[in-house]
Amino acid sequence: LPCWVHEKPERSVFLFLLARRFLPDEGALLATAFFLLCPFSVTLSRSLQPDSMAIMGLLASLWAAWRYFEKPAPGRLAACALLGGLAILVKPGCTQFTVLAVFIAMMWNERRLRQAATGRDAWLFLVVAAAPVMAYLPSALANQSSYEHVLSINFLPSLWLTVYFWKGWAGNLLQVLGLIGLLLGLAGLFLLPAGRARAMAAGWIAGYAVQCLLT
């Protein structure tokens, strides 16, 4: 299959490692198989784009975040932040909101909101995750006209009040997942075990929603 030739299946390893934290091995294998073999993935794998690398970085950072909250340690926090920062650097518009939203949601699940917002771990994560992009920012701002052009054609809040925007959003979900995949995904949200798994799912959905609204 094309996705096995071009997409490199090892990029799905982090999805499997993450899924098996709260699913039986059979469920984790099924999720990985869907990720690799759904028609949209096969089609996308034929094009050389940074998206697949960004998604691999995103999955790696979420797996590292789970490991950190499972057993907090400085090394695990550093790995989570660095992987998140690299994912953001590869394709900022695709990953930064999800990386941050998942970490905040999981920290909220482990602690009270005020402790999560003022804790040292949260600020360390934000600083380290932002460092790769901040290092690249001066060169991006040097080409300010191009940056402003990209922003002007992507950030269009006026579309939020149109049926066209929401219909297109729903159409994209159906194109990527298919009706059965979308329904199974929605049903799975209610079957996730309470606690850390639901917190990650909530953060993931929130990050995706903000990404779609702002980019």
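This note covers confidence, the nonpolar core and a nonpolar surface patch.

1. Basis. This is a predicted model, in which local features need pLDDT of at least 70, side-chain atom pairs count only at pLDDT 80 or more, and totals for chains, interfaces and linings use all residues. Residues are numbered from 1 along each chain as its sequence is written, and side-chain values use heavy atoms, with hydrogens and water left out.

2. Confidence. The protein chain has a mean pLDDT (the predictor's confidence in each residue, from 0 to 100) of 78. In all, 79% of its residues reach 70 or more. Helices are DSSP runs of H or I, at least four residues, numbered from the N terminus. Helix H2 (residues 13-19) has the highest confidence, at a mean of 89, and helix H1 (residues 2-7) the lowest, at 41. Over residues 1-7 the pLDDT is below 50. Where pLDDT is low, the predicted coordinates should not be read in detail.

3. Core. The largest nonpolar core (buried Ala, Val, Leu, Ile, Met, Phe, Trp, Tyr and Cys residues joined through side-chain atoms within 4.5 Å; buried means under 20% relative accessible area, with a 1.4 Å probe and protein chains only) has 25 residues. Phe 103, Met 106, Phe 125 and Met 200 have the most contacts (heavy atoms within 4.5 Å) inside this core. Helix H5 (51-70) is among the elements giving two or more residues. H5 gives the most, with eight.

4. Phe 103. Beyond neighbours within four places in sequence, Phe 103 contacts Tyr 68, Phe 69, Leu 77, Cys 80, Asp 121, Ala 122 and Phe 125.

5. Helix H11. Helix H11 (residues 163-191) gives the most to the nonpolar patch, with six residues. Leu 189 lies in helix H11.

Technical notes
Buried < 20%, exposed > 50% of the residue type's maximum accessible area, 1.4 Å probe, protein only.
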